[in-house]
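Biologist: Please take a close look at one part of this model for me: the place where the two chains meet. I would like the contacts and then the fold behind them.

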Amino acid sequence: MEPNAPTQHPGLSAALLAAGAAWIAAAAVLFGSAHTLAPVVAGPGVTGTVPLSTWHAPLAETPGDTVVYRFDSGQEGGRALILFGTHPNEPASVVAGTVFMENAVCRAGRVYALAHANASGFTHGDPQEAYLQRFEIERPDGSRRWFNFGSRYTNPIHQWPDPTLHVNPAGQILAGVDARNLNRCFPGRPDGVLTEQVAWAICELVRREEIDLVVDVHEAAPEYPAVNVMIAHERAQTLAATAQILLEDMIPGFAINLEQSPQALRGLSHREIGDHTAAQAILLESANPSQGRLKGRTTETQVVDGSDPAYQWAYQVQLQRTASNGDSNERPLLRGLPYDTASVTYPMAVRVARHLACVQEFIANLESPRGPATVEGIPSYQEIVEQGIGAFLAPPPES
Amino acid sequence: MMKVLQTPLFALLAAAALVLALAVALPAQEAADATPEADATPSTGAIFHGPVLVTTVGRADGTIVRVLCQRAGIDATLVEDASPESLAGMGTLVVAMGGSTKGLGAAGVDSDAEIARGQAILAAAASAEIPVLGVHVGGEPRRGELSDPFCQVVVEVADALVVKQGGNLDQFFTRAAQARGIPLIEVETNGAAIEAIDGLFE
C-alpha cells in the first residue's frame, strides 16, 4: 500500500450514501407534500361543490382549478361570492374561509365561496422569506387542523417564465412577477397565462351566476398604510359605509376605515370586478406580521398568535423615538395597532373575527333586486375572539 | 343710621349694586374655568340647514359622512371632487376631513392639488354665506402626516366640528375649535355622530 493512499472505509461510504439518499428522499416527500392542499370540511350549509373550471373549461385539470363551495338557500335573494386565499401568504384569509365553509348556512339568496382562490400559490413559498410550509390551529379537544402557508404568487412550476414586464389585462404595466399575482390579473384573459385564466374564471362565475356582491379577503404588513381597511369600488361604497358604521357601533373597540378603489390602479379585484361585472366589489385587509418587512423568523407563534419579538422591538423603538422627539403628533408606524397595544400582537383569532364580521355585515346589508341575502351560522366576532378559532373548526377529516 | 338702611330707596340701590356685581363677576368666573380641557362646545344648537353638499378634503370618508347625514334625516349629496359650482342650491357644505391611503397618490390625485381644491370650495362657501360643518370619523388612522394638512384647511374656516373618538387624542380639533370659538362635538360612536349631526341641523 502506498504511504499516501486514501484509507478505504467501504462501510462508512455506504452509510453516508444511504444517509444522503434518505435525506434526499425525505426532502422530496416533504417538498412534494406542499402540493397537497389542507382539507376544508363542507359544513351544514354547503349545498354543493363544483370546480372553478365550471365557468372556464380550459382551467380544468390545471393547478389553477379550485373548489367552489355553493350555499344555496333555495330562496330567491341576493347573491354573493367570497374569495378567500387570493394571496396564500395572508393566512387569516384561508383560515377565515375554512371557518366560513364549515359553519355558514344560507337562509335567503345564494353564496359562493373559494377557500383557495389561487390554489397554485398554496403549493410553494416566496423565495428568501423562509416561510412555513404549513401551520396548525388547535381545537378545544386537543386535535389540530393544518393549513398551507403559501406564496403571494402562483407557483412558477405552474406558470413559467415571468415576462420582464407584465401588462395586465387592464393594460397597466407591472413587474414581471405580477403575471403570477392573482390580484393584479383581474379581469383576466380567457387565453392568458394560468393566473389570468383563474381571474377570468372568477369573473365568468360572477357574470353567469349574476352575483351582486364580491368580497376579496386579504392581509397586509402591519406597517403598510392600508391595513384594517375595506377598499370598495364606487358602486360598493354605500354598502361598505353602512357596514362600517354598524360594525364600529356593534363591536366595542372595532375600528376599520373605508377606502375607495383607485381608478388608476388596475388589475385588482375591487377595481376590475366592479368595472367588468354588475357586482359590487369590496376588498378587506387585516394586519399580518408574518408578511411584514420588520418581521423576525417566521414561526407558528408569529403566524397564529401574531406575536413577533421584532415587531415588539420596533414598537418600543417607535415609542422611544416619539418620546425623544417630543412630537406628540407623530403617528404610529405600526398601523395594525391597536389589536393588543400592550404586547404588540396581531392574533389570528382577531384577524379572522374581523374578516368574518365584515363579510356577515356586507351580506346582511346587501340590496339586490332579487331581495335580501341571509347567512346564519358564522361565529360572531366576540365568539371567535373569546373561544378561539379552533372552536369553530370541524374535527380533522382524517380522524 | 338704621332708619337709612330701612328705606325703600336704599334697598333698591343695594339690589341694583348686587345685580351689577354679579353681572361683572360671573363672566370672569366662566373665563377662569375655560381651561384647554374644558368642553369646547359653548353652543351646539341648530346652526345648519339642508340641502347638504358632502365633499372631502383628502378624498376619505365621504360616503360614510354622507350615510351619517342621511341617517340623520338630512338630504345629502356626495360629490367627492366638488368644485365651487357644486354649491349651487345648497344650504350647508359638510366636509369629511382626512387623507385617503388609496384615494390620493394611488388614484393619481396630488395632495397639493387636493388642498387647493378644498380651499377653493371653502372660499366659495364663505362667499355665498353657506355654513361649513367639518366632520372627522376616521379616528387615529386619519390623522398624521398625510391627513393633518387636509384637516387644517377645514378647521380654519368651519362653523362647527364633529369628531369621532380617536381622531382627537392630541386635542388638535379641541384647540382649533377653541381658537375660533366654534362648537366641537366629540362622539364615541357612529350612532352618536348621527345624533350630533341631527342636532346641528334645523
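Modeller: Here is the interface, followed by the sheet in chain A. The model is predicted.

Start with the extent. On one side, 24 residues of chain A make contact; on the other, 28 residues of chain B do. Together the chains bury about 2,200 Å². Carbon and sulfur atoms give 48% of that area.

Next, the polar terms. Two salt bridges cross between chain A and chain B. A:Glu259 forms a salt bridge with B:Arg142, and their closest N and O atoms are 2.7 Å apart. Twelve residue pairs are in polar contact across the interface, counting pairs with both residues at pLDDT 80 or more.

Now the elements on the chain A side. Helix 4 (237-250) and strand 12 (257-260) each supply at least two residues to the side that touches chain B. Helix 4 of chain A gives the largest share, nine residues. By class, the chain A side divides into twelve nonpolar, seven polar and five charged residues.

Strand 12 leads into the sheet. Chain A has an open sheet of eight strands, in the order 1-2-5-3-10-13-11-12, with mixed pairing. Strand 12 is an edge strand of this sheet, as is strand 1 (48-51); each pairs on one side only. From one strand to the next, the twist averages 20°.

Elsewhere in that order, strand 3 (residues 79-83) and strand 10 (residues 213-220) of chain A pair in the parallel sense over four bridges. A:Ile82 stands opposite A:Val215 of strand 10.

How values were computed:
Residues are numbered from 1 along each chain as its sequence is written. Chains are lettered from A and ligands numbered from 1 in the order in which they are written. This is a predicted model: local features need pLDDT of at least 70, side-chain atom pairs count only at pLDDT 80 or more; totals for chains, interfaces and linings use all residues. Side-chain values use heavy atoms; hydrogens and water are left out. Contact means heavy atoms within 4.5 Å. Buried area is the accessible area (1.4 Å probe) that two parts lose on being put together, summed over both. A salt bridge is a side-chain nitrogen of Lys or Arg within 4 Å of a carboxyl oxygen of Asp or Glu. A polar contact is a pair of N or O atoms within 3.5 Å; within protein, one must be able to donate a hydrogen and the other to accept it, and residues adjacent in sequence count only if both atoms are side-chain atoms. Ala, Val, Leu, Ile, Met, Phe, Trp, Tyr, Cys and Pro count as nonpolar, Asp, Glu, Lys and Arg as charged, and the others, Gly among them, as polar. Two strands pair if DSSP finds at least two bridges between them. Axes are lines fitted to C-alpha atoms, for helices over the stretch in contact, and angles run from 0 to 180 degrees between N-to-C directions.
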